[in-house]
Each structure stands twice: as structure tokens, then as C-alpha cells.
Amino acid sequence: MEKPKLLVYDIGGCEGCPLSITRALPQLTNVVDVYSSHLGNIDLDKIYDIIVVTGSICINDPVKVELLKKLRDKACILIAYGSCASVGGITLFCRGGQEPKPEHRTFQAISAVVDVDYAIPGCPPAPNLLVSLINSLKMGRGYFLQLFASIPRARKLSGFDLMDEIVLSGLCIGCGACVLSCPTHALHFVDGKPDLIVEKCIRCGTCCARCPRFTQILVRKYAPKPKLLSR
């Protein structure tokens, strides 16, 4: 049986996410045919079963905006991989004025420009999450489908949202998943509950995607109908 075709494309990130995907190539190539600039086999005129976009979109850059729309047209399923593509991440703090492109001022999650089917936040995410999502897409079932289909609809996830929605509302069960997953140690325990060091939060949304309470809220709030591979 022919394997699905998967394109990895970085629209403007630090390359940390494409590098993490490269680490998972041995597992990925067992289930999909992988195309990327790092492998030298990219062709933007082809239709792909899955396109994985990394990096946030600069909406002051019309060339990148049109490129992102083209990627959407070429993808049966579009996945935002990493916090920048999924929820904006640290690029939300950009204010422009930096060389070589000082006009680059406003960065957003790619769902601000195109419809996104699934989003995997993380800085970078554990690459096995992408492998698990693809396996779920091929089987047509699995917990990852509901969760990662909900995140593009939220568009904004961070430690601030975790505090508002879970901790301060009394829903936190003190499991510590958010504290363990935070890449910048912006969360720590105070009296058995997480507390946020606001200066350290890079708005990656990893804590929200790991929180068992927050993920329940996301799935129930958006109740997405996951898009599956057509074959």
C-alpha cells in the first residue's frame, strides 16, 4: 500500500522544530514518505496528504502570507507543529525594528491566516507526538485527534491561560504535569498548586496541552470533528 506523502515546511521559525522532526525520521519514514528542504526533495507544486508547517506567520510579509495560503491549498491535512505555528509562542513578543527585516512586527499562529486541521504545541514538541498523530490519522481514531484538532481553534494558550482557567478557578488537581513540561521553568509549586513566574512564560502553551483538566476543557468546548486521511 502506498504510504501518505508528508511535507515539512518552515514558514519562519528558529529551525528547532524541523530539527526535532529530523530526529524522528526513522519512525516517520516507516509510516509516511517525508519531503523537506533538509532532505532536498521539496516540490511546492505537488499535492501532499499531510503538510506540517513550523514557525509563526509574519502578517506584515505578504510573500510569506501567500506562501502559507499555497501550502494550505496543497495539503489534504495541515498540521501546525511547535508553539510558534500553533499558538504564536515567543514570537508574539516581537515588536519589529530588528535587522535584517525591521518591518517584521506582527507574528501570529498560522491559524490566523489559514484553516489548520491539527496543532501540536511545544518548544519544540516531542517528535513522537507527530508520529502518534499520524498513526491516529491512518487508523481513523485516537485521543490525539480530538485534542490536537481543538488547539487551532483556541489559537491562544499560555501559562496565563492555565492560571486563569485551571488554577485560579479551582480545577487544578496538583498533578504537576504543567510544571514538569514547562521548557523555561516558568511554573513552580506553591502550597501544592502551580504558580506562574510571568517574566519566564514564553506563551508556548505546552503546560495547557499537558494539563489533564485543560485538555478536557478544550475538547469539550470545541468538540471538533477530526479530519482524516482520505485513503
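In the predicted model, helix α5 contributes a series of buried residues, namely Pro127, Leu129, Leu130, Val131, Leu133, Ile134, Ser136 and Leu137. The helix comprises 13 residues, from 127 to 139. At 1.5 Å a residue, a helix with this number of residues should span 18 Å, and the end C-alpha atoms of α5 lie 19 Å apart, so the computed distance agrees with the expected one. Just after α5, the backbone at Gly140 adopts a positive phi of about 80°.

Burial also characterises strand β1, which covers residues 5-10. Five of its six residues are buried, and β1 is therefore largely enclosed by the rest of the structure. Strand β1 pairs with two other strands. With strand β2, formed by residues 33-36, it shares four bridges, and the two strands run parallel. Within this pairing, Leu7 stands opposite Tyr35 of β2. With strand β3, formed by residues 48-54, β1 shares five bridges, again in a parallel arrangement. Here the bridge partner of Asp10 is Thr54 of β3.

The largest nonpolar core of the model contains 70 residues. Among its members, Ile79 and Ile110 touch the most other residues of the core. The surroundings of Ile110 were examined with residues up to four places away in sequence left out of the count. On this basis, Ile110 is in contact with Ile11, Val53, Gly55, Ile57, Leu68, Leu78, Ala80, Ala85 and Val116. One of these partners, Val53, falls within the residue range of strand β3, which spans residues 48-54.

At the level of the whole protein, the secondary structure consists of 10 helices and nine strands. The radius of gyration is 17 Å, close to the 17 Å given by the globule rule for 231 residues, so the protein is as compact as a globular protein of that length. Taken along the principal axes, the C-alpha atoms fill a box of roughly 55 × 45 × 30 Å.

Buried residues account for 50% of the 231 residues in the protein. Of the contacts with a sequence separation of 6 or more, 78% are made between residues 24 or more positions apart. The exposed area of the protein amounts to about 11,100 Å², of which carbon and sulfur atoms supply 54%.

Technical notes
Residues are numbered from 1 along each chain as its sequence is written. This is a predicted model: local features need pLDDT of at least 70, side-chain atom pairs count only at pLDDT 80 or more; totals for chains, interfaces and linings use all residues. Side-chain values use heavy atoms; hydrogens and water are left out. A nonpolar core is a set of buried Ala, Val, Leu, Ile, Met, Phe, Trp, Tyr and Cys residues joined through side-chain atoms within 4.5 Å. Buried means under 20% relative accessible area, exposed over 50%, partly exposed in between (1.4 Å probe, protein chains only). Contact means heavy atoms within 4.5 Å. The expected span of a helix is 1.5 Å times one less than its number of residues. The radius of gyration is taken over C-alpha atoms; the globule rule is 2.2 Å times the number of residues to the power 0.38. Accessible areas come from the Shrake-Rupley method with a 1.4 Å probe; for residues, only the protein chains shown count as cover. Two strands pair if DSSP finds at least two bridges between them.
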